[in-house]
Structures are given as structure tokens and as C-alpha cells.
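The following exercises ask the reader to work through salt bridges, strand pairing, a helix and a nonpolar core. Each task is followed by a solution in steps.

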Amino acid sequence: MPDEASPRTTRETASREAASRQVRPGFSLPDGELRWRFSRSSGPGGQGVNTADSRVELRFDLARSPAVPEQLRARALARLDGRLVDGVLVVTASEQRAQLRNREAALGRLVDLLREATAPPPRSRRPTKPSRGSVERRLAAKRQRADTKRTRRAGNPDSD
């Protein structure tokens, strides 16, 4: 009898894959909008080095994707401006020998990039001023240091 995956296993795998494609709540990468390209990778590979297309290039059209909420799109386009080519984000992976692992690595990198690019901006710093006690301690320490240096000077009558 052939080894068949149980429905539970396939559901768990599908659930894990969907979770790995989720960038933010309300924004996941749809399969149909990911463009995969495969080519021969440089580096080690053994017998199949010249026949296996293990290098992976993953493209995602960030500017035109209907899956990206408008607010997140504007933030991501601004933050990834230097990495985009005509609004398309390109990620490559070729460090593994197996194409499947390179596909997983490229997808993980794409999700991480988009998570970072769509993260809310950090809270602005609320300016504060030093407390009176800390200012006084700092000035007292400066005076003490200045006195120490003054007593070390050559020709100082206090240095006896």
C-alpha cells in the first residue's frame, strides 16, 4: 500500500505554509502573485551540478498587487525604494543544493523583508530634560575632576 499523507497532515502543512506567507494581519502573499524563476546555481553540487536548476529567483509585484492594503503598500514602497525594479521586489536564494530548500529560503526572505518594510514607524521620542539632581551631580563631578587635575600641574603651590 503506498504511503499516503493523512488529511490532517496535509491540512497542517497547508496551515503552516499559509502562516509562513502571512506578512501582517490582513496581508498574506497569494500564490498567484508570486513569480518563480529557476536557474543553475554556482558552487558545489556534485553530479547534478550542471543539470539541476537549484537557484531560485522570487518576484513579487508590490506596486500593483491587490493583496497589499493601501496603507501598507505606501509604507513598503517608500522603505524598499532602493530594492524595487519598476515596483517589483526580487529575492534570490542559491545557498542550498536543493531547489526546494532554496524556494523556502527565498520565500522566508521575501516575507521577512515585507514584514520589516510594513512595520509601523517607531514611536517618536518625547523630549525630556535632566532632573535638577542629575545636573548638580554632573557639575559636582566636573568640579572635583578639575580640582584633581589642577593639583597635578607643575609649579602648583597646592601640590605639596
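**Exercise 1. Determine how many salt bridges the structure contains, and describe the one between Arg59 and Glu57.**

Step 1. A salt bridge is counted where a side-chain nitrogen of Lys or Arg lies within 4 Å of a carboxyl oxygen of Asp or Glu. By this rule there are 8 salt bridges. The model is predicted, so local features need pLDDT of at least 70 and side-chain atom pairs count only at pLDDT 80 or more, whereas totals for chains, interfaces and linings use all residues. Residues are numbered from 1 along each chain as its sequence is written, and side-chain values use heavy atoms, with hydrogens and water left out.

Step 2. In the pair of Arg59 and Glu57, the closest N and O atoms are 3.2 Å apart.

Step 3. Accessibility is classed by relative accessible area: under 20% is buried, over 50% is exposed, and values in between are partly exposed (1.4 Å probe, protein chains only). Glu57 is buried at 8%, while Arg59 is partly exposed at 35%.

**Exercise 2. Locate the salt bridges of Arg115 with Asp112 and of Arg150 with Asp147, and state how the partners are placed along their helices.**

Step 1. Helices (H or I, at least four residues) and strands (E, at least two) are DSSP runs numbered from the N terminus. Arg115 and Asp112 belong to helix H3 (residues 99-118), 3 residues apart, and are therefore separated by about one helical turn. Their salt bridge has an N to O distance of 3.8 Å. Arg115 is partly exposed at 31%, as is Asp112 at 45%.

Step 2. The general background is that an α-helix has 3.6 residues a turn, so residues three or four places apart point the same way.

Step 3. The side chains of Arg150 and Asp147 meet at 2.9 Å, N to O. Both residues lie in helix H4 (residues 132-152), 3 residues apart, again about one turn. Arg150 is partly exposed with 38%, and Asp147 is partly exposed with 36%. Elsewhere, salt bridges with shared partners link Arg37, Arg55, Glu57 and Arg59 into one network.

**Exercise 3. Establish the strand order of the open sheet and identify bridge partners in E6.**

Step 1. Two strands pair if DSSP finds at least two bridges between them. The open sheet has 4 strands in the order E3-E4-E6-E5, with antiparallel pairing. Strand E3 (34-39) and E5 are the edge strands, each pairing on one side only.

Step 2. Strand E4 (residues 55-61) and strand E6 (residues 88-93) are joined by 6 bridges in the antiparallel sense. Arg59 has Val90 of E6 as its bridge partner, and Glu57 stands opposite Thr92 in E6.

Step 3. Strand E5 (residues 84-85) runs antiparallel to E6 and is joined to E6 by 2 bridges. Here Val85 is the bridge partner of Val88 in E6. The hairpin of E5 and E6 has 2 residues between the strands, and Asp86 takes a positive phi near 55 degrees.

**Exercise 4. Describe the span of H3 and its share of the largest nonpolar core.**

Step 1. The expected span of a helix is 1.5 Å times one less than its number of residues. H3 has 20 residues and reaches 28 Å from its first C-alpha to its last, close to the expected 28 Å.

Step 2. The buried residues of H3 include Ala106, Leu107, Leu110, Leu114 and Thr118. Thr118 has a relative accessible area of 1%. The C-alpha atom of Thr118 is 5.9 Å from that of Arg75, although the two residues are 43 apart along the chain.

Step 3. A nonpolar core is a set of buried Ala, Val, Leu, Ile, Met, Phe, Trp, Tyr and Cys residues joined through side-chain atoms within 4.5 Å. The largest such core has 23 residues, of which Leu29, Phe60, Leu62, Leu80, Leu110 and Leu114 touch the most other members. The elements giving two or more residues to this core are E4, helix H2 (70-79), E6 and H3. H3 provides the largest share, 7 residues.

**Exercise 5. Find where the charged end of Arg103 sits.**

Solution. A charge sits over a ring if NZ of Lys or CZ of Arg is within 6 Å of the ring centre and within 35 degrees of the ring normal. The charged end of Arg103 sits over the ring of Trp36, 4.5 Å from the ring centre.
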